[in-house]
Amino acid sequence: MRYSSRILPILIIVAAAATFTFAGCKKKDMSLKLNEPRNIRGVVSYKRSFGDLNEKHLNVAQAIGIRVLSSREEAEKMREQLQPITTNELYAVDSLTHSIPYLIPGAASLLDTIGHNFLDSLTAKGLNPNKIIVTSVLRTQDDVKRLRRRNGNASPNSAHFYGTTFDVSWKRFQKIEDEDGRPLQNVSADTLKLVLSEVLRDLRKADKCYIKYELKQGCFHITTREK
């Protein structure tokens, strides 16, 4: 009886150790993670839902933004009023050719919110994670001159001058890879565009921003309404 009472705790410890060892050796799930889409509606019309014309963008940009800058060198001296933006866990910044990655704090905060809400919406709708891509940010007068050489329709009076405005692509998104290397099924750009449109519609309805749907440029042109 005494022998049994001594051996029982040892057996319990051995059994527990074996259980933990088995759990630790359990293989990670490396099967393809499929999308399980649900409740994806988008908006009735992109043009009607996001039809804020340049005048609206320009009026609020001039009221809350910085002064127009002539050059990038001048922009570098505005660090106290501008916040640099870089690729992070919420969004990706494209290789900017005709703008520089600076925004006023209100615009930078809005961009964070869009990126965060988009990722949350993808999870809620059973879709694998993707980040939005920012394609244009602050422009100086020199930037616009260079841009107009390539695109004669580029506005010489743009809200992009004031650090209040940025463009987000609806054609391209950046897939977020699984940390453990599990393969993830792709989500089509059309589906991601629908989800992004719902996020932007809600923010616009909450008076956080003005938005113009740009068909030829393949982006949503977004101006914050908060400093």
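Buried means a relative accessible area under 20%, and over 50% counts as exposed, with partly exposed in between. Keep that cut-off at hand for the exercises below, which use a predicted model.

**Exercise 1. Get an overview of the chain: how many helices and strands does it have, and what percentage of its residues is buried?**

Solution.
- Step 1: Count the elements. The protein chain has 7 helices and 8 strands.
- Step 2: Turn to burial. Of the 227 residues in the chain, 43% are buried.
- Step 3: Look at the surface. The accessible surface is about 13200 Å², and carbon and sulfur atoms account for 52% of that area.
- Step 4: Check how far apart in sequence the contacting residues are. Taking contacts between residues at least 6 apart in sequence, 74% join residues at least 24 apart.

**Exercise 2. Find the largest nonpolar core and say which helix gives the largest share of it.**

Solution.
- Step 1: Recall the background. Nonpolar side chains tend to be buried together in soluble globular proteins.
- Step 2: Locate the core. The largest one holds 49 residues, and Ile-85, Ile-114, Ile-132, Phe-166, Leu-196, Phe-220 and Ile-222 have the most contacts inside it.
- Step 3: Name the helix. Helix H5, residues 105–124, supplies the largest share of this core, with 8 residues.
- Step 4: Look for a separate core. Another one, of 6 residues, lies apart from the first and includes Ala-61, Val-144, Ala-159 and Phe-161.
- Step 5: Zoom in on one residue of the largest core. Setting aside residues up to four places away in sequence, Leu-196 touches Ile-114, Phe-118, Ile-132, Val-168, Ser-169, Phe-173 and Phe-220.

**Exercise 3. Compare the ends of helices H5 and H7 with the spans expected for them.**

Solution.
- Step 1: Take H5. With 20 residues at 1.5 Å a residue, H5 should span 28 Å, and this agrees with its end C-alpha atoms, which are 28 Å apart.
- Step 2: List what H5 hides. Its buried residues include Leu-110, Leu-111, Ile-114, Phe-118 and Leu-122.
- Step 3: Take H7, residues 189–205. Its 17 residues should span 24 Å, and the end C-alpha atoms are 24 Å apart, so the two values agree.
- Step 4: List what H7 hides. Among its buried residues are Leu-192, Lys-193, Leu-196, Val-199 and Leu-203.
- Step 5: Ask what lies over them. The cover for the buried residues of H7 includes helix H2 (46–49), H5, strand E4 (130–136), E5, E7 and strand E8 (219–224).

**Exercise 4. Classify the ring pairs Phe-118 with Phe-173 and Trp-170 with Tyr-213.**

Solution.
- Step 1: Choose the two values needed. An aromatic pair is described by the distance of the ring centres and the angle of the planes.
- Step 2: Apply the cut-off. Planes under 30 degrees apart count as stacked.
- Step 3: Classify the first pair. The ring centres of Phe-118 and Phe-173 are 5.7 Å apart and their planes are at 25°, so this pair is stacked.
- Step 4: Place these rings in the chain. Phe-118 belongs to H5, while Phe-173 sits in the loop between strand E5 (165–169) and strand E6 (174–175), 55 residues apart.
- Step 5: Check burial. Phe-118 has a relative accessible area of 0% and Phe-173 one of 14%, so both are buried.
- Step 6: Classify the second pair. For Trp-170 and Tyr-213 the centres are 5.5 Å apart and the planes are at 25°, so this pair is stacked.
- Step 7: Place the second pair. Trp-170 is in the loop between E5 and E6 and Tyr-213 in strand E7 (residues 209–214), 43 residues apart. Both Trp-170 and Tyr-213 are buried.
- Step 8: Widen the view. One aromatic cluster is formed by Tyr-46, Phe-50, Trp-170, Tyr-213 and Phe-220.
- Step 9: Add a charge. Lys-193 lies over the face of Trp-170, at 3.6 Å from the ring centre, and over the face of Tyr-46, at 4.2 Å.

**Exercise 5. Is Asp-207 buried, exposed or partly exposed, and where does it lie?**

Solution.
- Step 1: Locate it. Asp-207 is in the loop between H7 and E7.
- Step 2: Read its backbone. Asp-207 is not a glycine, yet its phi is positive, about 60°.
- Step 3: Judge its exposure. The relative accessibility of Asp-207 is 48%, so it counts as partly exposed.
- Step 4: Repeat for Asn-39. This residue lies in the loop between helix H1 (2–25) and H2. Its phi is positive, near 55°, and Asn-39 is partly exposed, with a relative accessible area of 48%.

Terms used. Residues numbered from 1 in each chain as written. Predicted model: local features only at pLDDT ≥ 70, side-chain atom pairs only at ≥ 80, totals over all residues. Heavy atoms only, no water. Core = buried A, V, L, I, M, F, W, Y, C linked by side-chain atoms within 4.5 Å. Buried < 20%, exposed > 50% of the residue type's maximum accessible area, 1.4 Å probe, protein only. Helix = DSSP H or I, 4+ residues; strand = E, 2+ residues; numbered from the N terminus. Contact = heavy atoms within 4.5 Å. Phe/Tyr/Trp six-rings, centres within 6.5 Å; stacked < 30°, edge-to-face > 60°. Lys NZ or Arg CZ within 6 Å of the ring centre and 35° of its normal. Areas by Shrake-Rupley, 256 points an atom, 1.4 Å probe, with all protein chains shown as cover. Expected span 1.5 Å × (residues − 1).
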